[in-house]
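Biologist: I would like to learn how to read a protein model one feature at a time. Could we go through it together, beginning with the strands?

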Amino acid sequence: MRFEGVEKRYARQGAAPLQALQGVSFDIQPGEFFGLLGPNGAGKTTLISLLAGLARASAGRIEVMGHEVVSDYAAARRALGIVPQELVFDPFFSVRETLRIQSGYFGLRRNEAWIDELLEALGLADKAGANMRQLSGGMKRRVLVAQALVHRPPVIVLDEPTAGVDVELRQTLWAFISRLNRAGHTVLLTTHYLEEAEALCHRIAMLKQGRVVALDRTAALLAGAAHPVLRFKTDDALPAALAAQARVTGRTVQLPAREVHGIETLLASLRQAGVRIEDLEIGRADLEDVFLGLMAAQAPEAGR
Ligand SMILES: Nc1ncnc2c1ncn2[C@@H]1O[C@H](COP(=O)(O)OP(=O)(O)OP(=O)(O)O)[C@@H](O)[C@H]1O
């Protein structure tokens, strides 16, 4: 898969066009598990809709398995299995009918064995006869995954597949997608769950305001942020200097320490400020730290 100088501008009434993607270029190797990360509005979904041929790039080109997505649309589309972010279904069909209809779009007549395998792998076997409107949101999402895979595409694209889904479905989904990846399928994943990207992706591109701001092997991105961190719980307010660098989730606070003896300095500052701490641990930086660091480092650009 190749993105070459991809640009996308959206026209806006009474305002300058919105530049959603600017000069995005990168390759994804066959068989790779690739993560596309970025904050809300970074352009991830836009890039996927260009890849899927649902929207046209303002400039640049995109190829999937050697097929350019506009001039060679049918072949490119056939190579892709796309799990969209939004749950859109015809409520009157059953799960099995939905998958048969999707097979029909790709001209596949005898696809029952694979449909059964998909239903089984995604924990949908006992829901095959249920109407789509009877399914819970999580079950619908499973059908969306099955639907994307019905034609056995070599490239699987997942746009935030685990947004709002429970732990069980996440595990089912990742076990299945990892199995397909080991069997040679290329996977492109967008997610807001950085621990998921860290666990699954070989390489990661980070998008910010329509540009690629980092692209590397996951291990290399993490190595770049190898500083230790101090994690603890507290009910007290942090002094301003520490609050500015803290990552706070509820009562849990994480502070970066530049070097190991930086931990001592941090603890001294906390003690001096009278911050009472519990459950203290020393850990290493994770992908979220890399991500937050990169997002903070790049100043916002004009025209956005
Ligand atoms: N059809 C559209 N018309 C106009 N602007 C759009 C359209 N689709 C997206 N945008 C704008 O383009 C920018 C990129 O949006 P996009 O949905 O690609 O981001 P994203 O990275 O997928 O975000 P999220 O994490 O919230 O899904 C945003 O500023 C968005 O408002």
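Biologist: Which residue in E10 does Ala205 stand opposite?

Modeller: This is a predicted model, and in it Ala205 stands opposite Leu215 in E10. That pair belongs to the partnership of E9 and E10, which run antiparallel and are joined by 6 bridges.

Biologist: In which sense do E3 and E9 pair, parallel or antiparallel?

Modeller: Strand E3, residues 33-37, pairs with E9 in the parallel sense, over 4 bridges. To find this pairing in the picture, look for Leu37, which stands opposite Met206 in E9.

Biologist: How many residues of E9 are buried?

Modeller: For E9 the count is 5 of 6 residues, so the strand is largely enclosed by the rest of the structure.

Biologist: What is the sign of phi at Gln209?

Modeller: Phi of Gln209 is positive, about 45°, although the residue is not a glycine. Gln209 lies in the loop between strand E9 (203-208) and strand E10 (211-217), and the hairpin of these two strands has 2 residues between them. Gln209 is also buried, because 20 other C-beta atoms lie within 10 Å, and 20 or more is the cut-off for that class.

Biologist: Where does Met65 lie, and is Met65 buried or partly exposed?

Modeller: Met65 is found in the loop between strand E4 (59-64) and strand E5 (67-68), and its phi is near 50°, again a positive value in a residue other than glycine. Met65 counts as partly exposed, because it has 17 C-beta neighbours inside 10 Å.

Biologist: Now I should like to understand the two faces of a strand. Which residues of E7 lie on one side and which on the other?

Modeller: The general idea is that in a regular strand the side chains alternate between the two faces of the sheet. In E7, Val155, Val157 and Asp159 are on one side, while Ile156 and Leu158 are on the other, and all of them are buried, which leaves both faces covered. The strand spans residues 155-159, and the count of buried residues is 5 of 5.

Biologist: Which strands pair with E7?

Modeller: Strand E6 (residues 80-83) pairs with E7 in the parallel sense over 4 bridges, and Leu80 stands opposite Val155 in E7. Strand E8 (residues 186-190) also runs parallel to E7, and 5 bridges join the two; here Leu158 stands opposite Leu189 in E8.

Biologist: What unit do E7, H6 and E8 make?

Modeller: Together with helix H6 (residues 167-182), strands E7 and E8 make a right-handed β-α-β unit.

Biologist: Let us turn to the ligand. Which element gives the largest share of the shell around it?

Modeller: The largest share, 3 residues, comes from H1. Among the residues around the ligand are Tyr10, Leu18, Asn40, Lys44, Thr45 and Thr46. By kind, the shell divides into 4 nonpolar, 6 polar and 1 charged.

Biologist: To finish, how is the whole chain divided?

Modeller: The protein chain is divided into domain 1 (2-222) and domain 2 (227-284), and the C-alpha centres of these domains lie 38 Å apart. The secondary structure of the chain comes to 11 helices and 14 strands, and buried residues make up 32% of its 304 residues. When you turn the model on the screen, keep in mind that its C-alpha trace spans about 70 × 45 × 40 Å along the principal axes.

Conventions: Residues are numbered from 1 along each chain as its sequence is written. This is a predicted model: local features need pLDDT of at least 70, side-chain atom pairs count only at pLDDT 80 or more; totals for chains, interfaces and linings use all residues. Domain bounds come from an automatic or database domain assignment. A residue is buried if 20 or more other C-beta atoms lie within 10 Å of its own, exposed if 12 or fewer, and partly exposed in between; C-beta atoms are placed from the backbone. Two strands pair if DSSP finds at least two bridges between them. A crossover is right-handed if, with the strands pointing away from the viewer, the path from the first strand over the helix to the second runs clockwise. A residue is near a molecule or strand if its C-beta atom, placed from the backbone, lies within 6 Å of it. Ala, Val, Leu, Ile, Met, Phe, Trp, Tyr, Cys and Pro count as nonpolar, Asp, Glu, Lys and Arg as charged, and the others, Gly among them, as polar.
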